[in-house]
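Me: I have a chain open on my screen and would like to go through it piece by piece. Can we start with whatever catches my eye?

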Amino acid sequence: MNNVLVGIGVLLIAVLGALFAVPHVVDFNRYRGVFEEEASRVLGREVRVGGAVNLRLLPTPYVSFEKVRIADTTATLGEPIFKAESFRMWLSVPPLLRGVVEANEVEVNAPVIRLVLDNKGGGSWQSLALGNATYLPKEVALQSVRITDGLIAIHNENGDERTRVEKISGELASPAIEGPYRFRGTYGGGATLRDIRLSTSRPEPDGSIRFKSQIKTLENNALYTLDARLIDGLQQPRIEGEILGQI
């Protein structure tokens, strides 16, 4: 996830740098290929924007992409590892002048993440990598990332779906790209509607991340808490911790 967010930040800085050099009336959809090429180079995956590209400098820097797709290199599913119907970001100007990317608001509509596990404990996310990006931002802050109607699906090596969490909506925030992160929202619907709160630490020296999550069933107010540590999250992730339940 961190790589994806930094990749988006890199793309955004590149876009804003070009924006200062060209007239405001330019149709930026003509430059969709440039955006796709830069994002693909940064993430090590093919990135495609199937819809409109909109950019604005005044009165507030703003960028939006429609129908974003990031390829899954395993080719097991024939589906992208990430896709979203739209991605929009509004930036704060004073931090930007200091070289800090501070997003006042980010909206991600209908994001879908599909991960394919292999038989070694890893999966399709392992080859996500950052290239040598000219505009790599040194600091990125996310004040508010609003997610609407998201879905996370996990598949085995044959492509069969093992787990899915759907109808995810909520708000994510972080003072820096490496964390800590906070998320509060809901998932499911009807009798399966759940309230979820998640907070993480910054990565520890060994790369592990401590996190705490609380899930509350809105039907009977049962509360489950997981206090744990994520180890080797980008390669062969495993979780060590304790689950507590309260009804």
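Me: Which residue in β12 is the bridge partner of Ile 215?
Reply: The bridge partner of Ile 215 in β12 is Tyr 224, and I should say at the outset that this is a predicted model. The pairing belongs to a longer arrangement, in which β11 (residues 209-217) and β12 (residues 223-231) run antiparallel over eight bridges.

Me: And what joins those two strands, how many residues lie between them?
Reply: The hairpin of β11 and β12 has five residues between the strands, and within this hairpin Asn 221 takes a positive phi near 65 degrees. As background, most residues other than glycine have a negative phi.

Me: What does β10 pair with?
Reply: Strand β10 pairs with β11 in the antiparallel sense, over seven bridges. One of the residue pairs there is Ser 199, whose bridge partner in β11 is Lys 212.

Me: Staying with β10, is Asp 195 buried or exposed?
Reply: Asp 195, which sits in strand β10 (residues 194-200), is buried and yet has no salt bridge. The nearest side chain of opposite charge is that of Arg 197, at 4.1 Å, and this does not count as a salt bridge because the cut-off is 4 Å.

Me: So what is Asp 195 in contact with?
Reply: Leaving out neighbours within four places in sequence, Asp 195 is in contact with Gly 185 and Thr 186, and also with Gln 214, Ile 215, Lys 216 and Leu 218. Of these, Ile 215 is the residue you began with, the one whose bridge partner in β12 is Tyr 224.

Me: Next one, Asp 227. Where is it, and how accessible?
Reply: Asp 227 lies in strand β12, and it counts as partly exposed because its relative accessibility is 38%. Its C-alpha is 4.5 Å from that of Lys 212, although the two residues are 15 apart in sequence.

Me: What does Asp 227 touch?
Reply: Not counting residues up to four places away in sequence, Asp 227 touches Arg 210 and Phe 211, together with Gly 241 and Glu 242.

Me: Switching topic, which strand holds Asp 149, and what is its phi?
Reply: Asp 149 is in strand β7 (residues 139-155), and its phi is near 55 degrees, a positive value in a residue other than glycine. Asp 149 counts as partly exposed, because its relative accessibility is 45%.

Me: What about phi at Lys 167?
Reply: Phi of Lys 167 is also positive, near 55 degrees, in a residue other than glycine. Lys 167 is found in strand β8 (residues 161-174), and with a relative accessibility of 47% it counts as partly exposed.

Me: Helices now. What span does α2 have, and which of its residues are buried?
Reply: Helix α2 (residues 32-43) has twelve residues and reaches 17 Å from its first C-alpha to its last, close to the 16 Å expected at 1.5 Å a residue. Its buried residues are Phe 35, Glu 36, Glu 38, Ala 39, Ser 40, Val 42 and Leu 43. Just after α2, Gly 44 takes a positive phi of about 70 degrees.

Me: Last, the whole chain: how many helices and strands, and how much is buried?
Reply: The chain has three helices and 13 strands, and buried residues make up 42% of its 247 residues. It exposes about 13500 Å², with carbon and sulfur atoms supplying 53% of that area. Among contacts with a separation of 6 or more, residues 24 or more positions apart account for 46%.

How values were computed:
Residues are numbered from 1 along each chain as its sequence is written. This is a predicted model: local features need pLDDT of at least 70, side-chain atom pairs count only at pLDDT 80 or more; totals for chains, interfaces and linings use all residues. Side-chain values use heavy atoms; hydrogens and water are left out. Helices (H or I, at least four residues) and strands (E, at least two) are DSSP runs, numbered from the N terminus. Buried means under 20% relative accessible area, exposed over 50%, partly exposed in between (1.4 Å probe, protein chains only). Lys and Arg count as positive and Asp and Glu as negative; His and the chain ends are not counted. Contact means heavy atoms within 4.5 Å. Accessible areas come from the Shrake-Rupley method with a 1.4 Å probe; for residues, only the protein chains shown count as cover. Two strands pair if DSSP finds at least two bridges between them. The expected span of a helix is 1.5 Å times one less than its number of residues.
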